[in-house]
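Open your viewer and get ready to make a few selections. We will go stop by stop, and each stop says what to pick and what is there.

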Amino acid sequence: MITELEMGRAESELELGLGLSLGGGTAAKIVKPGGGGAWGERGRLLTAKDFPSVGSKRAADSASHAGASPPRSSQVVGWPPIGSHRMNSLVNNQATKKEDDGKKQAKDDETKDVTKKVSGKVQVGFIKVNMDGVAIGRKVDLNAHSSYENLAQTLEDMFFRTSPGTIGLTGQFTKPLRLLDGSSEFVLTYEDKEGDWMLVGDVPWRMFITSVKRLRVMKTSEANGLAARHQDPKERQRNKPV
Amino acid sequence: MDLRLPSKVLEHILSFVDSNEDRNSVSLVCKSWFETERRTRKRVIVRNCYAVTPEAVARRFPEMRSLTLKGKPHFADYNLVPDGWGGYAWPWIEAMAAKCPSLEELRLKRMVVTDECLEKIAASFKDFKVLVLTSCEGFSTDGLAAIAVACSNLRELELRECIVEDLGGDWLSYFPETLTSLVSLDFSCLDSEVKLSDLERLVSRSPNLKSLKLNRAVSLDALGSLLRLAPQLVELGTGSFSDKLDQEAVSKLSQAFSEMKELKSLSGLWDVLPEYIPLLYSVCPGLTSLNLSYATVQMPDLVELLTRCSNLQKLWVMDLIEDKGLQVVASSCKELRELRVFPSGAEGLNDTNVAMTEQGLVSVSEGCPNLESVLYFCVQFTNAAMVTIARNRPNLKCFRLCVMEPFAPDHKTQKPLDEGFKAIAERCKDLQRLSVSGLLTDKAFEYIGTHGKKLRMLSIAFAGDSDLMLHHLLSGCESLNKLEIRDCPFGDTALLENAAKLETMRSLWMSSCCVSFGACKLLSQKMPKLNVEVIDEHPLETRPDSSPVERIYIYRTLAGPRLDMPEFVWTIQKNPEIGVSHLAIK
């Protein structure tokens with residue numbers, strides 16, 4: 001039954017537009033985790049062939065996944081259905097089991113990275129962006145950007161673009177922002193790993209992305225204290241202004 | 001002659017009506033009853049924050065003191081809902097701040113809560129008492145500080161499995177010295193260390209403190225001094241249970257535990273070392289709830305603990321308990337009502353404990369007459385086991401079986417697990433919640449549709465053969481309220497044929513199924529009282545009607561299409577020019 005279904009899908013896939021994979025085929029492809037559910041390649045439904053059998057025979061067609069390295073079920077997003085807190089704890093346990101005491105510190109850092117990958121929510125590369133006057137913060141993927149201009153464009157789109165049927169988050173502004181050149185009402189600032197708030201754009205992009213913790217689109221009038229590159233840590237505000 | 005009940009009398013009568021289900025019925029009797037009821041309702045629960053607008057709720061229930069809201073669909077817990085989908089608490093908090101400033105309690109589940117939200121709560125509700133956030137995200141410890149510092153009558157602050165941006169442990173130090181009303185504090189999901197002296201002072205000035213759930217960073221040593229300050233605790237979540245203590249510290253801790261005469265619920269126990277398990281023996285007989293799901297304790301030590309827990313009603317544990325351990329539960333924990341067994345291996349199949357099989361659950365079903373709720377992660381299962389379980393426990397209300405290997409058949413007979421789930425559906429007449437897994441054909445769903453008359457929530461993954469599966473469920477399960485499906489090969493026909501059913505349900509989630517874009521448009525057109533959301537992170541530039549959608553989330557609503565949809569969520573109202581005129585409309 002599963003085979004028929006796959007064949008049926010392969011036929012209908014031929015009619016669909018660009019970007020779809022053709023043919024369910026016999027080579028099981030590894031489905032990448034993160035973001036988009038089990039649709040690692042567009043349009044293909046996972047079937048029994050995607051999952052390795054652990055010592056049990058298949059009731060379905062025995063035509064196999066021979067020749068392809070079977071992907072693990074742990075690579076399917078959200079499977080097994082365990083909440084991210086629990087998943088993180090499991091991963092931490094794994095790491096702890098495999099080490100000796102001397103290397104604990106290094107391992108702790110490593111597990112934190114692994115933790116981030118597993119939880120899916122605290123994702124490496126995604127950082128929080130808040131804008132003055134906007135209650136709802138957003139997240140942006142730094143790894144998906146190559147330059148400050150790129151990033152500024154994304155942020156402008158995120159907070160200011162209005163499209164039919166969608167109200168931009170601020171609901172009002174429609175002019176392009178130009179966050180980087182100091183000509184607009186807002187500037188882009190960031191908090192670095194030491195907790196200091198600085199103007200975006202002073203350091204090379206690569207250095208920036210390794211040290212940025214979060215971003216803030218701040219009113220130019222409030223940003224005057226940041227003109228200097230280094231800010232006294234004591235001035236760092238406890239609560240964000242409303 | 002005026003035969004109507006005077007409204008004062010009705011009000012008095014209603015003050016004894018607590019259940020919202022009853023109050024909902026009352027409000028349908030007639031207009032004056034509707035009016036009296038709405039003016040007196042104190043506790044409001046909205047199980048889908050997009051089903052109604054915050055303003056409408058505030059207008060209807062001006063005397064609201066307690067509000068409970070749920071946002072994202074359940075599958076968001078497993079990362080199936082992309083970030084930015086929605087579920088924002090802000091509009092609700094803003095509306096309540098304006099219209100119901102006497103609000104005292106807020107309980108939010110799966111919502112996006114920002115620091116601004118928390119600051120607004122702190123600033124707007126003078127008598128704020130209870131904040132419970134479950135599986136929420138979007139805020140940092142700064143927001144907690146705002147709550148701590150401002151809410152002078154705070155009774156409960158609970159963070160359950162939230163994703164919090166942890167900027168340090170200072171937030172706890174913001175509770176003023178004048179705050180003495182704390183009854184419950186749960187910060188178990190936070191990472192950073194709080195200042196122990198501040199925590200101790202907070203605990204010692206809170207004589208009403210009944211529930212304290214610490215985070216992992218609180219050491220075993222610190223636990224000792226906290227317990228001595230609060231022996232009256234009814235619920236305790238420990239921190240890490242693994243520091244090396246000297247003999248004196250150990251005996252002090254043991255003494256502290258034995259002083260806790262009221263303790264009913266125990267959790268936490270991260271990294272607990274086997275040699276510390278005996279410290280818990282003194283509280284075991286009094287426990288009704290034990291959460292060992294984060295404790296990597298092996299079977300022999302678990303057994304020692306569980307034989308002493310004769311009053312246990314709720315047990316959460318990892319599969320390290322093995323079949324043997326579950327046999328001990330079956331013979332020792334006769335009051336057991338709820339059992340959850342979680343996998344101990346992060347990699348799922350390859351390192352899951354194989355000494356735990358379907359037998360474990362069968363034993364518990366035999367030995368525990370009050371067992372009504374089960375969540376069981378297991379590598380594989382058999383039909384025979386499910387038939388036995390159903391025969392033993394027709395009183396099951398919740399049966400969630402997660403066979404971790406997708407499409408796994410009965411490992412003894414190699415047949416699909418249809419017969420097993422049939423037995424469960426047939427025998428357990430009060431079954432309200434069911435999660436199925438393993439190899440399942442359409443037949444399984446025919447059985448469920450035929451027998452699952454009280455079923456309210458159903459979760460399905462990697463199952464079925466065709467549209468018939470969905471059709472059986474939507475046409476058969478009369479009480480169906482929430483249906484969530486992933487990676488199943490059906491869609492259009494069943495969905496469109498049973499469109500009317502969707503208005504009787506809270507929500508339907510389908511991801512990685514075969515629902516076409518055209519069907520979504522058609523459904524949207526047919527059913528204006530539903531929000532049909534197509535959630536597609538990688539849409540094609542031109543979207544032909546036959547193209548499958550990644551995810552679809554359908555829910556009934558009085559509020560119309562929501563205004564806070566991100567780019568990747570499509571509804572028909574967003575692009576009305578893409579019409580369905582060329583499709584046949586039934």
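## A tour by selection

Begin by selecting B:Ile13, which is partly exposed, with a relative accessible area of 42% (buried means under 20%, exposed over 50%, and partly exposed in between, using a 1.4 Å probe and protein chains only). Before moving on, some ground rules: this is a predicted model, where local features need pLDDT of at least 70, side-chain atom pairs count only at pLDDT 80 or more, and totals for chains, interfaces and linings use all residues. Residues are numbered from 1 along each chain as its sequence is written, chains are lettered from A and ligands numbered from 1 in the order in which they are written, and side-chain values use heavy atoms, leaving out hydrogens and water.

Now show the cartoon around B:Ile13: this residue sits in helix α1 of chain B, residues 7–14 (helices are DSSP runs of H or I with at least four residues, strands are runs of E with at least two, and both are numbered from the N terminus). Add B:Leu5 and B:Val9 to the selection, and with B:Ile13 you have a nonpolar surface patch of about 230 Å² accessible area together. Patch members have over 30% relative accessible area and no salt bridge (a side-chain nitrogen of Lys or Arg within 4 Å of a carboxyl oxygen of Asp or Glu); nonpolar side chains (Val, Leu, Ile, Met, Phe, Trp, Tyr) are joined within 5 Å, like charges within 9 Å. Areas come from the Shrake-Rupley method with a 1.4 Å probe, and for residues only the protein chains shown count as cover.

Widen the selection to residues 5–46 of chain B, where an unreviewed UniProt entry places the feature "domain: F-box"; such annotations may be inferred rather than shown by experiment. This stretch is 60% helix and 10% strand, with its end C-alpha atoms 29 Å apart.

Next, pick helix α6 of chain B, residues 115–124, where eight of the 10 residues are buried. Among them are B:Cys117, B:Leu118 and B:Ile121.

Where might you look for disulfides (cysteine sulfur atoms within 2.5 Å)? A search over all chains finds zero. Select B:Cys513: its nearest cysteine sulfur, in B:Cys488, is 5.2 Å away, and B:Cys513 is buried at 2% relative accessibility. B:Cys398 is buried too, at 14%, and its sulfur lies 11 Å from that of B:Cys428, too far for a bond.

Finish on chain A, which has five helices and five strands, in the order α-α-α-β-β-α-β-β-α-β. Of its 242 residues, 44% are buried.

Notes:
A disulfide is a pair of cysteine sulfur atoms within 2.5 Å.
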